[in-house]
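Subject: Model for your files, with notes

Hello,

Please find the model below. My notes on it follow, and I would be glad if you could read them alongside the coordinates.

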Amino acid sequence: MESETLHWEHPNIKGPELLRLLRTEVPQALGGIVPVTATVLTLGLYVKGIPETDWMELAEKISHVHPSRVLIINPVTGTAEDTTTHVDAQISATVTYRRRGEPPTLFSECVQMNLRGGLANHWIDVVQSLIKSDLPAYLLWLGAPPLPGFRWDLLSTGFTHLVIDSEQIGLGPWKSAILAGKPLGMAVDDLYWQRLGSWRAHWATLADYPEGLSAITNPDKIVIGWPSSHSSGWRLLLGWLIDRLKWTVSDIEPNYLSIINDYGQTIPVEIHEANDPSFTFHHDAYILSSQSSHKELHSRIMKETEELYTMTDPCYQADPVNDIVKLLNRGHDQLFDFALASLIMNDRD
Amino acid sequence: MIDTQSLSNPLREGLVESRRPQPFTMIIFGAAGDLAHRKLFPALYNLMVDHWLPHQINVIGFSRQPFDDEAFRHEVEQSIRQFSRQPLDPQIFQQLAAGMHYLTANFNDPEAYARLRDLLNSIRQEQHLPGNYLFYLATPPSFYPVIAEQLGAVGLNASPDPQGWVRLIVEKPFGHDLDSALELNGQLHQVFKETQIFRIDHYLGKETVQNILVFRFANGIFEPLWNRQYIDHVQITVAESLGIEGRGTYYDNAGALRDIVQNHMMQLLAMIAMEPPVAFEADAVRDEKVKVLRAIRPLSTRDIAMHTVRAQYDEGYIEGQKVPGFLDEPDIPSDSRTETYIAMRLLIDNWRWAGVPFYLRTGKRLAKRATEIAIQFKRAPHRFFSQTATPDLEPNLLTLKIQPDEGIALRFGAKVPGPIVRIRTVNMDFLYGTSFADQAPEAYERLLLDAMIGDSTLFTRKDEVESAWALVNSILRGWARSKGAIPSYEAGTWGPSEADELIARDGFHWRRP
């Protein structure tokens with residue numbers, strides 16, 4: 001299937017003009033032919049304050065996989081609200097040609113919007129009208145989280161999903177967004193949670209073995225080593241275990257947790273600083289230890305000094321394009337909500 | 001043997017990350033053959049590129065062709081270069097090649113199986129691997145019972161580890177008729193349990209075939225219409241523009257009925273007509289498919305004469321090239337009565353489908369390559385636009401396109417712009433290629449991975465195979481009694497006129513894909 005990508009630049013235009021251009025420019029470029037639209041979703045990239053990144057290139061890579069309208073939202077503050085309200089826009093559209101005689105297909109559109117003046121603060125108003133109706137709409141928030149009082153109610157009428165990456169700044173700053181978005185029907189997804197899927201799948205496989213199952217689901221003690229800069233990682237994994245295994249948290253300290261299992265027994269959880277993330281489960285004479293280093297997740301099950309089993313899996317690494325492509329493929333993971341509810345939302349962090 | 005995956009594992013519940021296989025050794029019988037080169041090695045390589053394989057995987061080629069390990073690795077590399085959907089990355093290939101071994105051996109030599117067992121044991125001990133073995137029979141079917149028996153004789157039908165597994169993948173054809181299918185199943189069951197046997201029908205590994213179940217059961221709007229009240233009839237087409245492509249001896253013994261209808265088309269029919277399973281799990285899905293196959297109304301000798309058409313292609317033109325007739329193809333006897341085309345009308349005697357005809361047709365050297373399922377709905381009960389409507393307004397048609405333009409189309413009537421009411425038939429098209437740009441895995445990749453994991457949902461079960469053969473057998477017997485000339489059709493057309501008459505008797509016509 002042949003395809004071509006068309007590019008336009010429109011400095012200093014008003015919001016409604018941008019919508020008109022999106023409707024008319026591609027048919028004009030195709031000699032008046034209205035293409036079939038293949039878009040299956042809208043993706044917003046909120047990039048305020050992140051310098052020196054070619055967002056259009058990133059957007060085009062994502063939209064190459066998912067036929068989508070990608071909106072790069074870059075509010076530029078520091079200009080007077082009443083005089084310079086406008087958008088500096090770049091548009092690219094990828095058109096594919098199936099067969100001679102058939103109309104072309106508008107596969108994807110990428111729109112970079114540098115929003116100035118009043119639009120820097122009221123960008124939701126412009127973006128709302130650009131979101132494709134009745135299709136999933138994701139907003140990947142790459143900048144600093146919004147301040148209290150942010151209009152989540154307005155945002156949630158357009159975007160169905162808010163996507164964050166808690167590996168960068170933890171989950172704490174996002175708690176208010178998560179709490180506000182849920183009742184409004186906006187799902188929250190976390191790219192770090194998704195990357196930690198390699199741990200969850202790894203442990204699920206280990207739990208296919210009786211020794212692995214006992215060690216993970218019925219431990220006497222858990223020891224966690226994790227870099228403090230990415231502490232939401234162990235919290236998300238422990239939250240997942242607490243939810244899946246129907247445990248409850250009885251005490252939370254900075255370096256210690258106390259968990260009650262479904263038999264009423266207490267499981268102490270020790271947390272210490274480490275360069276390489278690790279979890280160790282102690283159960284009678286068995287020890288199951290999992291450690292991530294050098295892009296691999298390695299586990300071994302020991303009975304006293306005897307090594308019973310080892311397993312190694314690749315560890316997902318952060319990659320902005322792959323992460324978002326994978327998330328758009330999978331959609332919302334309910335286990336993330338459950339993990340949040342069981343540990344994170346009660347945590348003081 | 002403990003089936004580790006049957007233990008209750010709360011960490012699996014709700015997990016979106018797919019299951020990865022445990023470390024295992026794959027043994028390919030017929031590793032020097034065409035199937036291994038075209039499909040299996042590229043599939044293994046692509047699974048490795050996409051991170052689906054465990055870190056420790058060994059592959060043992062077992063075949064008569066004299067190779068050593070190094071020559072075998074070279075063969076595999078060449079096949080990946082030629083047939084893989086992803087280009088060969090030398091570093092990734094080295095990971096795969098490091099675990100490759102080869103045994104030059106005759107399939108019925110008992111000593112060779114003892115060598116295989118010793119090799120497996122040494123790999124297991126040296127690499128501290130669990131005793132997980134996946135045997136793949138990529139050989140002529142006549143060797144299936146021999147290989148199974150020999151594996152049993154050296155104890156390779158069970159894992160040496162209490163938590164290990166042993167699985168056997170069997171390629172089609174599963175028998176030549178019902179008797180031989182029963183015999184083959186019996187022979188395999190002498191050595192392996194049904195849960196260990198994975199009968200591969202590569203159609204079930206196709207994304208668009210799997211999408212039939214998603215389309216039907218993940219969408220709320222279609223299933224209420226999916227019955228005799230709203231559906232007029234169903235047409236299933238598997239059309240090929242290719243001829244027999246040098247497989248004359250095989251094809252003359254098989255024919256379209258055995259080669260396509262018994263397996264692929266019966267699977268498509270079952271997936272279209274089945275009731276919703278209670279879960280997307282192997283036995284739940286296959287139970288429902290078997291119910292459909294058993295509900296197909298048996299064909300009497302008269303039914304076979306009335307409701308089946310077989311034919312052979314005559315010479316003609318395909319894409320402007322003159323092609324020979326079937327009887328002039330190499331290795332085809334001039335008096336061959338093997339069919340290259342079949343059309344048939346089936347009825348399914350159950351509550352949902354009573355009275356709805358299912359028309360199946362498949363053939364070689366037809367006008368174009370197309371596999372699709374067309375569901376024609378009944379006309380609107382009251383046509384109050386009749387005074388001004390165009391008379392040729394067609395009933396609604398839902399078409400599930402399996403290949404080559406994978407997608408779904410819905411045909412409906414729309415008003416032609418203008419001051420008076422005129423209605424024209426239009427199509428609403430969904431195309432996989434434009435809505436999902438991700439490269440879909442090959443059918444063999446999906447099926448191999450499922451077998452490695454132990455998920456047999458997309459593999460055919462013993463009773464499925466036997467039910468399909470029971471129907472096909474009745475047709476074969478009916479045809480054997482018929483001594484008349486076999487109709488022919490010109491290559492490059494849509495089949496014989498007798499097939500048009502078959503469907504025209506019910507007031508319908510074949511659609512043109």
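Helices (H or I, at least four residues) and strands (E, at least two) are DSSP runs, numbered from the N terminus. With that convention, A:Gly331 comes just after α12(A) and takes a positive phi of about 75 degrees.

This is a predicted model, in which local features need pLDDT of at least 70 and side-chain atom pairs count only at pLDDT 80 or more, while totals for chains, interfaces and linings use all residues. Residues are numbered from 1 along each chain as its sequence is written, chains are lettered from A and ligands numbered from 1 in the order in which they are written, and side-chain values use heavy atoms, with hydrogens and water left out.

Chain A overall

Chain A has 13 helices and 17 strands. Its C-alpha atoms fill a box of roughly 75 × 50 × 35 Å along the principal axes. Of its 349 residues, 55% count as buried (buried means under 20% relative accessible area, exposed over 50%, partly exposed in between, with a 1.4 Å probe and protein chains only). Taking contacts (heavy atoms within 4.5 Å) in chain A with a separation of 6 or more, 72% are between residues 24 or more positions apart.

Helix α12 of chain A

At the N-terminal end of α12(A), A:Asp319 acts as the cap, with a side-chain oxygen 3.0 Å from the backbone nitrogen of A:Val321. A:Val321 is also one of the buried residues of this helix, along with A:Asp323, A:Ile324, A:Val325, A:Leu327 and A:Leu328. The elements that cover these buried residues include β3 (41-46), α2, β7 (137-141), β8 (161-164), β9 (187-190) and α8 (191-195) of chain A.

The interface of chains A and B

Contacts join 40 residues of chain A to 28 residues of chain B. The area buried between the two chains is about 2,900 Å², and carbon and sulfur atoms give 56% of it (buried area is the accessible area, 1.4 Å probe, that two parts lose on being put together, summed over both). On the chain A side, A:Asp208, A:Tyr209 and A:Arg244 lose the most area to chain B, together 19% of what that side buries.

The elements of chain A that give two or more residues to this side are α2 (55-65), β6 (105-116), α9 (197-206), α10 (210-217), α11 (232-244), β17 (306-314) and α12 (320-330). Of these, α9(A) gives the most, with six residues. The residues on this side divide into 21 nonpolar, nine polar and 10 charged (Ala, Val, Leu, Ile, Met, Phe, Trp, Tyr, Cys and Pro count as nonpolar, Asp, Glu, Lys and Arg as charged, and the others, Gly among them, as polar).

Three residue pairs are in polar contact between chain A and chain B, both residues at pLDDT 80 or more (a pair of N or O atoms within 3.5 Å; within protein, one must be able to donate a hydrogen and the other to accept it, and residues adjacent in sequence count only if both atoms are side-chain atoms). The rule finds zero salt bridges across this interface (a side-chain nitrogen of Lys or Arg within 4 Å of a carboxyl oxygen of Asp or Glu).

Salt bridges

Over all chains, the structure holds 41 salt bridges. In chain A, A:Lys61 pairs with A:Glu57, the closest N and O atoms being 3.6 Å apart. The two residues are four apart in helix α2 of chain A, so about one helical turn separates them. A:Lys61 is partly exposed at 45% relative accessibility, and A:Glu57 is partly exposed at 41%.

A:Glu109 and A:Arg69 also form a salt bridge, at 3.0 Å from N to O. This pair links distant parts of the chain, with A:Glu109 in strand β6 and A:Arg69 in strand β4 (residues 68-76), 40 residues apart. A:Glu109 is buried at 2% relative accessible area, and A:Arg69 is buried at 8%.

In chain B, the side chains of B:Arg461 and B:Asp463 meet at 2.9 Å, N to O. Both B:Arg461 and B:Asp463 are buried. They belong to a network of salt bridges that links them with B:Asp283, B:Arg286 and B:Asp287.

Strands of chain B

β14(B) (residues 397-403) and β15(B) (residues 407-415) pair in the antiparallel sense over five bridges (strands pair if DSSP finds at least two bridges between them). They form a hairpin with three residues between them, and B:Lys401 stands opposite B:Gly407. β15(B) also runs antiparallel to β16(B) (residues 423-431), joined by nine bridges, with B:Ala409 opposite B:Asp429.

Regards
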